[in-house]
Amino acid sequence: MEPHTLTPLIQRFIMHFGEMGSRWGINRTVGQIYALLYISGRALNADEIADYLSFSRSNVSMGLKELQSWRLVKLLHRPNDRREYFEPPGDIWDIFKALLEERRRREIEPTLSMLRDALLEAPASADDKAAQKRMREMYELIELSSSWFDEVQRLQPETLVSLMKMGAKVKKLLDVREKFRFGGKDGTADGDAAAQEKNDKTDKIGRE
C-alpha cells in the first residue's frame, strides 16, 4: 500500500470487516482497524492507522487495546523509535484459533459455569427437576464441543487443513464404523433390529 492511501479494493475489504465486527462481538471501528493491519502486510503505528482510516487518535488507541485483549494483534518496538507498532499474528491459523479461544472464554465458559452451579442445586419442584434435565443435556453438549475444540487446537495447521478437506469422507467413515458396530443382515442398526424381531417371533412360536 502507498503511504496513507487505500485502493478501492482494500477500502471495500476494510468496510466489510467493520460491518462484520458487530457480529463477532466487536464494534465497527475495531473491525476496520484489524482489517487494515491484516491487509497492510507490515506493522503500523497508531498515527498511521488514524491517517489511513480517518479515525481520531483516541479511537485508534481504544481499538488497539480491544484487539490486544482478544490477542489479535502483537505490539512491536523498533530501534531508535519510541512509537508502538502493531501487527496481527503472521499465520492465518493463529488468528483463527485466537478468535475462537477468546469467543469461548467470553461466551462459552460463563455458560458452562452457570450450568454447573444450576445442576448442583437441589430441585425445589418437579418443574426444577425437568429444567435441570434439559440443562444437563445442554451442558453435556457444550462440554463435548469444548473437548473437541481442545483436541483440534493441538493439531498442526497442515493436519487441520487435511481434516477439514475430508468433509463428507468423515461421515462415510463413521457410517462404515456404525455398520460394523451394529452388524445385522444388512449391516445396519435396522438389520440388527429385524434380526431381534425374528428371534422374538421364534421364541413365541416355541412357547405356543
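**Overall make-up and some local features**

Of the 208 residues in the protein, 28% are buried. The model is a predicted one, so the picture below is a computed one throughout.

In terms of secondary structure, the protein has nine helices and three strands. Going along the sequence, they come in the pattern α-α-β-α-α-β-β-α-α-α-α-α. As for contacts between residues at least 6 apart in sequence, 52% of them join residues at least 24 apart. The outside of the protein adds up to an accessible surface of about 14,700 Å², and carbon and sulfur atoms account for 55% of that surface.

A good place to start looking around is Q68. This residue sits in helix α4, which covers residues 57–69. With a relative accessibility of 32%, Q68 is partly exposed, because that value falls between the 20% limit for buried residues and the 50% limit for exposed ones. Leaving aside residues up to four places away in sequence, Q68 touches V73, L75 and F86. There is also a link to P88 to look at: Q68 and P88 are 20 residues apart along the chain, and their C-alpha atoms are separated by 9.6 Å.

Next come two loop residues with a backbone angle worth a look. R71 belongs to the loop between α4 and β2, the latter being residues 74–78. Its phi is near 60 degrees, a positive value in a residue other than glycine. R71 has a relative accessible area of 43%, so it is partly exposed. The other one, N80, lies in the loop that runs between β2 and β3, with β3 spanning residues 81–87. N80 is not a glycine either, yet it has a positive phi of about 60 degrees. Where R71 is partly exposed, N80 counts as exposed, because its relative accessibility is 85% and the cut-off for exposed is over 50%.

Finally, there is a nonpolar patch on the surface, formed by Y38, I39 and I92. Together these residues offer about 250 Å² of accessible area. Y38 is found in helix α2, made up of residues 28–40. The relative accessible area of Y38 is 37%, so this tyrosine is partly exposed. That value also lets Y38 into the patch, because patch residues need over 30% relative accessible area.

Definitions and conventions:
Residues numbered from 1 in each chain as written. Predicted model: local features only at pLDDT ≥ 70, side-chain atom pairs only at ≥ 80, totals over all residues. Heavy atoms only, no water. Helix = DSSP H or I, 4+ residues; strand = E, 2+ residues; numbered from the N terminus. Buried < 20%, exposed > 50% of the residue type's maximum accessible area, 1.4 Å probe, protein only. Contact = heavy atoms within 4.5 Å. Areas by Shrake-Rupley, 256 points an atom, 1.4 Å probe, with all protein chains shown as cover. Patch = residues over 30% accessible without salt bridge, like charges linked within 9 Å, V, L, I, M, F, W, Y side chains within 5 Å. Salt bridge = Lys/Arg side-chain N within 4 Å of Asp/Glu carboxyl O.
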